Amino acid sequence: MTATMTDAPPPAAPKAADAPQRSGRSLGLILMIVAGALLLVAAVRVITGANQLDSAGQVAAALGLAVPIGLAGLAGLWSERAGVVNIGLEGMMILGTFGAGWIGWQSSPWLGLLCGIGFGVVGGLVHAVATVTFGVDHIVSGVAVNLLALGATQYLAKLFFAGGKAAEAGGNPKQSPPADTLPDVTVPGLSDGLASIEKHHWFLVSDLAGIIGGLITHLSVVTILAVVLFVASWWLLWRTPFGLRLRSCGENPVAAESLGVNVYRYKYAAVAISGGLAGLGGAFLALVTSHTYLEGQTGGRGYIGLAAMIFGNWRPGGLAMGAGLFGYSDALQLRNGGVTVHALLLLLVVLLALLAGWKLYKKALVQGAVSAVMAALVLVWYLLTDEVPSDFVGATPYVVTLLVLSLSAQRLRMPKADGMRYRKGQGK
């Protein structure tokens, strides 16, 4: 007995010592990947001469397009972490665009922003009543919310924007009159200095200047708010008792209820917050991107936000990376898309070659061979052409969505009770 008690502590010590080392290696690996990616992009820019690849304008456009996608993905994360699949994000974004445009042109863009959030919350509560209270299939309810939001906003737009003062101010059945501009932020002095460095097109230095310059020049206050919401969501969901209880509703609601958690209340709160975040994403489109409500201006970003959430493995950090990737691919079609996408083909060749080498090293011969063949085909495409056709450039965001989902599918781990019906009292 004495010998056993004496020998017990030593095995525990290495485990405690190992934890910080694993964390350190993980951080080091992330920094190496970021540095490698920057070097690779800089090399491709120099070789191809596609200076728009990481210019300040390209980065700023990508950030502006990534924000509504990221907010939609964050909305889906809140809902699905509580166990409610939210296919209705697109409809809630549509409601947000209408609410922001409707109030924004009549009063102030700040009130329009709040109204967009409020309209999104209403859409979220409709989804919550259907799925949580009445047990409707989550997919069916989400599709219904999308259809209802589209029909309601089309009707209301004809009612409020087609005549009277709205028509005199520039409104019509498909759009609202323009609203005032929300303020933006530019770091004085630093932005101009970085722009000067970028113009020299130095290897890596100009690339860093372009990326940083795009992140600090004419930055909308809503973009800053979105960053704060990402950090706040991570802290609330993973560092507070509230977040632990909410996530338990998405993992095992029966066990959560048996421990005294009001599962219905947490699910309602999560889906309402989800609707508000989606509405904020729609308000961003109406007040920052275009300064007016336009019919169909969401353009499927609610669905792309869901794809970004899945890519991020239901985590805020990975979600932000996915939203940035989709926003960047979407921005390509706005700034010399054909030439820039053609330069990215070379980058894709390198990535596929590295993937092929890694798969072959891991003895995954079939996957390695497929990646090598794809790398060769893309290289031939790059060498035989000077520009990517505009039709393909327009489809780039959706192609990237499919590729990312297919490549990340093997490591995903969704909440265990996500999408499952739950009836009150099962845990008692």
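This is a short presentation on the fold, packing, salt bridges and surface of one protein chain.

Good morning. Please keep in mind throughout that this is a predicted model.

I begin with the overall picture. The chain contains 19 helices and two strands. It has 428 residues, and 43% of them count as buried. The accessible surface amounts to about 21000 Å², with 71% of that area belonging to carbon and sulfur atoms. As for contacts between residues at least 6 apart in sequence, 78% join residues that are at least 24 apart.

Let me turn to one pair of packed helices. Helix α10 covers residues 221–239 and helix α11 covers residues 241–251; their axes lie 5 Å apart, at an angle of about 75 degrees. Because angles from 65 to 115 degrees count as roughly perpendicular, α10 is roughly perpendicular to α11. On the α10 side, the contact is made by L236, L237 and W238, and on the α11 side by G243, L244, L246 and R247.

Helix α11 also takes part in the next topic, the salt bridges. In general, side chains of opposite charge can pair when their charged atoms come close. How many salt bridges does the structure hold? There are five, and I shall describe three of them individually.

The first of my examples pairs R81 with E251, at 3.8 Å from N to O. R81 belongs to helix α3, residues 56–81, and E251 to helix α11, so this salt bridge ties together parts of the chain that are 170 residues apart in sequence. Are these two residues buried or exposed? R81 counts as buried because its relative accessibility is 7%, whereas E251, at 23%, counts as partly exposed. The pair also belongs to a wider arrangement: R81, E251 and R413 are linked in a network of salt bridges.

My next example is the salt bridge between the side chains of K174 and E295, with an N to O distance of 3.5 Å. Here both partners sit in loops: K174 between α7 (164–168) and β1 (184–185), and E295 between α13 (263–289) and α14. The two residues are 121 apart, and the pair links distant parts of the chain. E295 is partly exposed, with a relative accessible area of 28%.

The last example is R301 with D330, whose closest N and O atoms are 3.8 Å apart. This pair links helix α14, which holds R301, to helix α15, which holds D330, across 29 residues. Both R301 and D330 are buried.

Next, I return to helix α3, where E80 is also located. With a relative accessible area of 5%, E80 is buried. Which residues does E80 contact, leaving aside neighbours within four places in sequence? They are V85, N86, L306, M309, W314, P415 and D418. For one of these partners, W314, the separation in sequence is 234 residues, while the C-alpha atoms of E80 and W314 are 8.1 Å apart in space.

A further pair brought together in space is N252 and K416: 164 residues separate them in sequence, and 7.1 Å separates their C-alpha atoms. N252 lies in the loop between α11 and α12 (253–258). Its relative accessibility of 40% makes N252 partly exposed.

Two residues deserve a remark on backbone geometry. H218 is not a glycine, yet has a positive phi of about 50 degrees. H218 is placed in the loop between α9 (205–216) and β2 (219–220), and at 58% relative accessibility it counts as exposed. N313, likewise not a glycine, has a positive phi of about 60 degrees. N313 is in the loop between α14 (301–311) and α15 (316–332). Is N313 buried or exposed? The relative accessibility of N313 is 19%, and the limit for buried is under 20%, so N313 counts as buried.

I close with the surface. V366, V370, V373, M374 and L377 make a nonpolar surface patch of about 480 Å². Of these residues, M374 is in helix α17, which spans residues 365–384. M374 counts as partly exposed, with a relative accessibility of 41%.

Thank you for your attention.

Note on methods: Residues are numbered from 1 along each chain as its sequence is written. This is a predicted model: local features need pLDDT of at least 70, side-chain atom pairs count only at pLDDT 80 or more; totals for chains, interfaces and linings use all residues. Side-chain values use heavy atoms; hydrogens and water are left out. Patches are made of residues with over 30% relative accessible area and no salt bridge: like charges are joined within 9 Å, nonpolar side chains (Val, Leu, Ile, Met, Phe, Trp, Tyr) within 5 Å. Accessible areas come from the Shrake-Rupley method with a 1.4 Å probe; for residues, only the protein chains shown count as cover. A salt bridge is a side-chain nitrogen of Lys or Arg within 4 Å of a carboxyl oxygen of Asp or Glu. Helices (H or I, at least four residues) and strands (E, at least two) are DSSP runs, numbered from the N terminus. Buried means under 20% relative accessible area, exposed over 50%, partly exposed in between (1.4 Å probe, protein chains only). Contact means heavy atoms within 4.5 Å. Axes are lines fitted to C-alpha atoms, for helices over the stretch in contact, and angles run from 0 to 180 degrees between N-to-C directions. Angles under 35 degrees count as roughly parallel, over 145 as roughly antiparallel, 65 to 115 as roughly perpendicular and the rest as oblique.
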